[in-house]
Amino acid sequence: MNIFLCILLGYLVGNINPAYIISKLNGFDIREKGTGNAGASNITVVMGKKAGIFTALFDIFKAFAVTVIAVKLFPDTESARILSGVSCILGHIFPVFMKFHGGKGLACLGGMILSYNPVVFLLLLLAEMVIALVADYIAVVAPSGTVIFTLIYFFMTGDIIGTSMMALVSVIIFFKHLENFRRIRRGEETHISFLWKKN
């Protein structure tokens with residue numbers, strides 16, 4: 001029962017999508033603008049840097065908060081943190097209240113990693129910043145970040161179940177970014193340098 005509650009809690013919190021809420025408050029659906037993604041990078045392109053920063057911080061916080069809450073509520077469930085974190089990411093990507101069309105999970109992934117280990121979060125953040133700046137595309141961050149964290153998690157914990165869940169998330173995030181990779185190949189993907197210049 002505790003495992004089910006961890007999953008349900010994480011998934012429902014993941015459904016809270018600030019990019020979608022902000023866009024609706026401004027009279028449109030963010031999924032009908034730009035890349036069609038309900039996340040920080042697209043809301044930045046459509047509405048500017050302030051909206052993008054708020055969205056990213058909110059998504060990081062919700063994943064961080066739900067994992068901390070899950071551990072507090074279910075201290076005897078060893079996998080509470082990873083279960084709630086992965087479920088939050090999946091709830092963000094496939095939100096039932098948005099007909100399963102949400103964001104791509106990058107900020108939620110960051111929040112879960114921050115909750116798991118702040119040092120790992122900072123080191124991975126620095127590594128991904130370098131990767132992103134060299135590539136000049138934000139789309140490379142989530143797929144590479146999930147793979148790297150999955151490997152780190154396995155070597156640090158030896159947790160086969162948790163590693164398997166992270167591997168599943170890695171595959172899902174990769175497929176969610178396939179269209180980004182196609183746009184990169186066609187020269188149509190938004191560069192990070194453009195996002196930074198956006199007001």
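The legends below describe three close-up views of a predicted model.

**View 1. Helix α5 and the helices that surround its buried residues.** Helix α5 covers residues 80–93, and at 1.5 Å a residue its 14 residues should span 20 Å, which agrees with the 20 Å that separates its end C-alpha atoms. Because 12 of these 14 residues are buried, α5 is largely enclosed by the rest of the structure. Among the buried residues of α5 are Ala80, Ile82, Leu83, Val86, Cys88, Ile89, His92 and Ile93. The buried residues pack against α1 (2–14), α4 (49–73), α6 (106–116), α8 (141–157) and α9 (160–176).

**View 2. The crossing of helices α3 and α4.** The axes of α3, which holds residues 40–47, and of α4 come within 7 Å and cross at roughly 160°. With an angle over 145 degrees counting as roughly antiparallel, α3 is therefore roughly antiparallel to α4, and the crossing in which α3 passes α4 is right-handed. On the α3 side the contact is made by Ala40, Ile43, Thr44 and Met47, while α4 contributes Lys49, Ala51, Gly52, Thr55 and Ala56. Sorted by character, the residues of this contact comprise 5 nonpolar, 3 polar and 1 charged.

**View 3. Arg183 in helix α10 and its contacts.** Arg183 belongs to α10, the helix formed by residues 178–186. Its relative accessibility is 12%, and since buried means under 20%, Arg183 counts as buried. When neighbours within four places in sequence are left aside, the residues in contact with Arg183 are Thr35, Lys104, Glu188 and Glu189.

Key:
Residues numbered from 1 in each chain as written. Predicted model: local features only at pLDDT ≥ 70, side-chain atom pairs only at ≥ 80, totals over all residues. Heavy atoms only, no water. Helix = DSSP H or I, 4+ residues; strand = E, 2+ residues; numbered from the N terminus. Expected span 1.5 Å × (residues − 1). Buried < 20%, exposed > 50% of the residue type's maximum accessible area, 1.4 Å probe, protein only. Contact = heavy atoms within 4.5 Å. Axes fitted to C-alpha atoms, helices over the stretch in contact; angles between N-to-C directions. Parallel < 35°, antiparallel > 145°, perpendicular 65-115°, else oblique. Left-handed = near helix turned anticlockwise from the far one by under 90°. Nonpolar A, V, L, I, M, F, W, Y, C, P; charged D, E, K, R; others polar.
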